[in-house]
Amino acid sequence: MFLIVPVFAEMVLTGNGKTLNKCSDRSITTAVIPDGVETIATSAFYGCEYLVQITIPASVRHIGNQAFQKCSSLTLDIPVTVTEIEEGAFQDVQRVNIAPDHPRYTATAQGAVIDRQSGKLLYVPPEVTGVFRIPRNIRRIGKYAFYNCSLLTAVIFTAEVKSIGEYAFQNCSGLERITLVNGLEVIGEWAFAGCENLRNIVIPASVKTIGSAAFFNVPRIALSAQNRHFRLTSEGSLIEPGRKRFIYCPPGRDRCTIPENIQVIDDLAFAFCAGLKRITIPASVRIIGNSAFYACENLERVDIPAGVRRIEKYAFLGCSKLERVIVRGPAVICEGAFGRGCYEKKLTKAYICRQARIHRDAFPEWCEIVRRDFNN
């Protein structure tokens with residue numbers, strides 16, 4: 001049941017008025033959360049880009065994930081009564097001030113918000129410039145912690161950091177150098193996506209897990225020779241032999257070899273490999289991930305072997321010169337896989353196995369689908 005409180009007409013409350021579910025007026029510049037609200041829900045103030053000030057009452061205990069996403073003009077004051085702040089709560093926020101006597105959360109001189117109880121770095125203001133040193137006693141970099149910190153040029157880690165959350169450094173476009181230290185074990189999905197000037201990063205020997213698209217559009221990465229979980233090919237591509245994953249190809253490559261035993265081509269693995277004209281997909285591959293070949297704008301031909309079972313959404317989106325597609329096996333071809341509306345209309349005919357299942361928007365409307373039986 002939803003309750004609209006007349007005095008705070010833009011606030012939609014649930015749970016007998018204890019949860020602020022959303023702010024329905026995205027044009028507001030100031031807001032007062034009603035006393036009695038205990039939870040600010042996930043994405044509650046999403047898109048309130050003109051919001052500059054908000055009053056959080058002492059009744060609030062919990063702030064949800066991305067509660068203030070896209071509130072890029074907002075400065076927040078967090079009262080001492082807030083007991084739980086989820087990762088990503090302050091994504092896009094201009095500044096966060098923590099009550100000086102707060103028992104759990106604190107803010108550094110640079111404005112970074114730290115959860116002392118869990119050892120998490122939750123937020124760094126987008127205005128931070130130059131070199132940032134991760135404070136002592138931090139064990140995790142939270143989701144979206146450095147999101148859009150475009151003026152940051154370098155980050156220096158400590159050996160205490162064990163994990164980097166999803167999207168932690170996404171769109172840090174000015175970032176040139178990351179000093180990761182042995183002891184780090186997890187790099188989350190999209191962790192460094194969009195760090196288009198990051199040319200100095202070495203994955204330590206201790207890293208065991210790397211999420212999909214972690215290095216999307218990063219120009220170059222290096223790997224410790226002592227790392228036993230991942231391998232860097234002679235072309236600079238990153239693979240995970242144990243899980244038979246192809247994770248990353250440096251953008252701008254004009255050629256790349258996928259090893260014979262690879263089964264999964266990760267999301268965005270070949271994104272922005274603009275010089276790539278042809279790619280040989282080995283018979284071992286089973287899954288081609290979301291946007292795996294995104295913006296490979298010179299890719300001309302794709303021959304997908306019979307073993308492939310799924311071609312995920314937008315796998316070849318932005319491959320504007322693609323003119324020949326063959327799918328030899330009973331793959332599921334998902335929505336937008338071959339980029340409806342994103343071609344120079346060169347892909348006029350695709351040869352597809354009779355047993356393949358094709359989403360209705362998988363191909364552009366001008367492409368003729370020719371069903372065939374293949375002798376693989």
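Student: Are Arg245 and Asp266 buried or exposed?

Tutor: Arg245 and Asp266 are both buried, where buried means under 20% relative accessible area, exposed over 50% and partly exposed in between (1.4 Å probe, protein chains only). This is a predicted model, in which local features need pLDDT of at least 70, side-chain atom pairs count only at pLDDT 80 or more, and totals for chains, interfaces and linings use all residues. Residues are numbered from 1 along each chain as its sequence is written, and side-chain values use heavy atoms, with hydrogens and water left out.

Student: What makes Arg245 and Asp266 a salt bridge?

Tutor: The term asks for a side-chain nitrogen of Lys or Arg within 4 Å of a carboxyl oxygen of Asp or Glu. Arg245 and Asp266 meet at 2.4 Å, N to O, so the pair qualifies.

Student: Why is Arg104 called buried, and what is Glu84 called?

Tutor: Arg104 has a relative accessible area of 12%, so with the limit at under 20% it is buried. Glu84, at 30%, counts as partly exposed. Their side chains form a salt bridge too, at 3.0 Å, N to O.

Student: How do you know that Glu87 is buried?

Tutor: Its relative accessible area is 11%, so Glu87 falls under the 20% limit. Its salt-bridge partner Lys120 lies 3.1 Å away, N to O, and is partly exposed at 24%.

Student: What is the largest nonpolar core?

Tutor: That core has 45 residues, and Phe270 and Ile288 are among those with the most contacts inside it. A nonpolar core is a set of buried Ala, Val, Leu, Ile, Met, Phe, Trp, Tyr and Cys residues joined through side-chain atoms within 4.5 Å.
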